[in-house]
Amino acid sequence: MTKKFAWIMSPDKNWDDKKGLITTSLESGIDHVLDLSDIDKIQKLGNINVVSPNEKSDIVLTGIKGEGDGTLQLKDNLDDSNDLNLAKNYKNKGKTVASYIEIQDKKHEELARKLGKVVDYLILVGKNWTVIPLENIIADLQKVDVKIIAAVSSYEEAKLAIETLETGTDGVIFQPKDFNQIKEIANLVLDASSNKYDLKEATVTGIKPVGIGDRVCVDASAMMNVGEGMLIGSYSKTMFLVHSESLESEYVASRPFRVNAGPVQAYIMVPGNKTKYLSEIETGDEVLVVDKNGNTQTTVVGRVKIEKRPLILIEAEYESIKIKTLLQNAETIRLVNGEGEAISVSDLKLGDKVKVFIDEGARHFGMSIEETIIEK
């Protein structure tokens, strides 16, 4: 699943009202603002990327003209050569470029295809997204390195754009009317970026202490609930759902931000259906939190802690597929059983059912591919 995003256009309001909406957008995870008049003021609000025709902007915008009052207007004439040359000129200067185009007929659609092969972001505007050939443009540019953004005016239009042709647009841009609309569309984008994994119930076939190793704790910047954890495994295509330390213990207090994940060589699932070695994870990286039903959310790593600890080998099997991982040998380390409940490795018995993920493809540099790779 490609990570979706949202941008906003600065609302046509006085600075104080505009500031409040932009700040709320930033707090909701929307960190790109299209603006024509208050670039300097906006950049002082935080780490925000400003999109405008000004060459000093973070992202240079083509395809529009700006009035002195900051009103956004489309260019009067469709000019393939001029728009393309302007975009190419900015790209040659090393700029990140977005192009803004209203799709009114086939000529505009063709220009969008041409611009999509030049610019970094293609903002498509339509009078009615139910009849605009958005599907055609997405299909034609799906193998091109460009992000397609639909200009929308409501939650319903944003949902339609993101879901068009299954893959949908990469993002949406809207002019916020109020704080609630910002929150609704930000949540929509977050949900649309979430993978869902089809978790299986594997049968435990082996439990064996194996000695000391370098164990990794992943401390997230978000709290995890009971039933949530991370996908961890010794094999990149078969992984256990390792439960977070969100449960109380008679020995230690709960740490709902932590997953005691396993040794340094183990794999962890990260956004985009990719994996990384636990040894590679560090502060600021993104990892996936997965619940007992396979629903996911992305979280940022706040800290990684590596210590020498006794390890235990857990082996399981699902339809003749063998699954293995090493975990710390301690009663606070838990998997998720067939009923979706946390079960300590110290209580695990042969024949128990545990939640696992099995990828159909093999992996190369963390990405799922159609290739035969044997892991044992």
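This report describes a set of paired strands, the turns that join some of them, and one buried residue in a predicted model.

**Strands around β18**

Strand β18 covers residues 296-318. Strand β11, made of residues 199-220, runs antiparallel to β18, and 16 bridges join the two. One position in this pairing is Asp-214, whose bridge partner in β18 is Lys-308.

Strand β17, residues 286-291, also pairs with β18 in the antiparallel sense, here over five bridges. Within this pairing, Leu-288 has Thr-298 of β18 as its bridge partner. A further antiparallel pairing links β18 to strand β19, residues 321-328, over eight bridges. There, Tyr-318 is matched with Ile-321 of β19.

The table lists the pairings of β18 described above.

| Strand paired with β18 | Residues of that strand | Sense | Bridges |
|---|---|---|---|
| β11 | residues 199-220 | antiparallel | 16 bridges |
| β17 | residues 286-291 | antiparallel | five bridges |
| β19 | residues 321-328 | antiparallel | eight bridges |

**Turns and loops**

Two hairpins involve β18. In the hairpin formed by β17 and β18, four residues lie between the strands, and Gly-294 in the turn has a positive phi of about 90°. In the hairpin formed by β18 and β19, two residues lie between the strands. Glu-319 sits in that turn with a positive phi of about 50°. Ser-320 belongs to the loop between β18 and β19, and its phi is also positive, at about 70°, although Ser-320 is not a glycine. Ser-320 counts as exposed because its relative accessible area is 61%, which is over the 50% cut-off.

Another residue of this kind is Asn-273, which is not a glycine and yet has a positive phi of about 55°. Asn-273 is found in the loop that runs between β15 (267-270) and β16 (274-277).

**Val-259**

Val-259 is part of strand β14, which spans residues 258-263. Is Val-259 buried or exposed? Val-259 counts as buried because its relative accessibility is 0%, and the cut-off for buried is under 20%.

Which residues is Val-259 in contact with, leaving aside its neighbours within four places in sequence? They are Val-216, Cys-217, Val-218, Met-224, Gly-229, Met-230, Val-242, His-243 and Ser-244. The C-alpha atom of Val-259 is also separated by 8.1 Å from that of Ala-220, although the two residues are 39 residues apart along the chain.

Conventions. Residues are numbered from 1 along each chain as its sequence is written. This is a predicted model: local features need pLDDT of at least 70, side-chain atom pairs count only at pLDDT 80 or more; totals for chains, interfaces and linings use all residues. Side-chain values use heavy atoms; hydrogens and water are left out. Buried means under 20% relative accessible area, exposed over 50%, partly exposed in between (1.4 Å probe, protein chains only). Contact means heavy atoms within 4.5 Å. Two strands pair if DSSP finds at least two bridges between them.
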